[in-house]
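Here are some short exercises to work through with the model open beside you. Try each one yourself before reading its solution.

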Amino acid sequence: MRVFVDRDLCMGCKACEVRCPRIFKVDGESKSTVIAKGELAGEDLDCAKLAEDACPTAAIRVQQHQ
């Protein structure tokens with residue numbers, strides 16, 4: 001599974017970074033970016049799903065990589 005951020009929807013609230021600092025970082029443009037490399041599994045995948053659910057603008061998507 002991979003995680004994606006729609007930067008057009010992101011409002012930079014940092015909810016994702018607070019929950020998953022190994023996966024997300026809010027950059028200088030106050031937008032979330034994915035810093036995790038490759039496929040997510042285990043605790044990282046669980047954390048990313050929590051961040052997806054917590055995102056107030058639905059900017060985060062966790063989905064199967066094709």
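**Exercise 1: An edge-to-edge pairing**

In strand S4, Val 5 has Ile 60 as its bridge partner. This is a predicted model, so please read every value below as computed from it.

Task: Find how many bridges join S1 to strand S4, and in which direction the strands run. Then sort the residues of strand S1 into a covered and an uncovered face.

Solution:
- Step 1. Strand S4 spans residues 60–63, and four bridges join S1 to this strand.
- Step 2. The two strands run antiparallel.
- Step 3. In strand S1 (residues 2–5), Val 3 and Val 5 make up the covered face, while Arg 2 and Phe 4 make up the uncovered one.

**Exercise 2: Sorting the cysteines**

Task: Work out which cysteines the disulfide joins, and why Cys 10 has no such bond to Cys 16.

Solution:
- Step 1. The structure holds one disulfide. Its partners are Cys 20 and Cys 47, with an S to S distance of 2.0 Å, which is within the 2.5 Å cut-off.
- Step 2. Place the two ends: Cys 20 is in the loop between helix H1 (15–19) and strand S2 (24–26), and Cys 47 is in helix H2, so the bond ties together parts 27 residues apart in sequence.
- Step 3. Check the handedness: the torsion about the S-S bond is about -115°, so this disulfide is left-handed.
- Step 4. Check the exposure: Cys 20 and Cys 47 are both buried.
- Step 5. Turn to Cys 10. The closest cysteine sulfur to its own is that of Cys 16, at 6.2 Å, and this is too far for a bond.
- Step 6. Cys 10 counts as buried because its relative accessibility is 10%, and Cys 16 counts as buried because its value is 7%.

**Exercise 3: Two contrasting residues**

Task: Decide whether Ser 32 is buried or exposed, and do likewise for Lys 37, exposed or buried.

Solution:
- Step 1. Ser 32 lies in strand S3. Its relative accessible area is 2%, so Ser 32 is buried.
- Step 2. Look at what surrounds Ser 32: leaving aside residues up to four places away in sequence, its contacts include Val 5, Cys 10, Cys 16 and Phe 24.
- Step 3. Lys 37 sits in the loop between strand S3 (32–34) and helix H2 (42–54). With a relative accessible area of 73%, Lys 37 is exposed.
- Step 4. Relate this loop residue to the disulfide: Lys 37 and Cys 47 are ten residues apart in sequence, and their C-alpha atoms are 15 Å apart.

Technical notes. Residues numbered from 1 in each chain as written. Predicted model: local features only at pLDDT ≥ 70, side-chain atom pairs only at ≥ 80, totals over all residues. Heavy atoms only, no water. Buried < 20%, exposed > 50% of the residue type's maximum accessible area, 1.4 Å probe, protein only. Contact = heavy atoms within 4.5 Å. Pairing = 2+ DSSP bridges.
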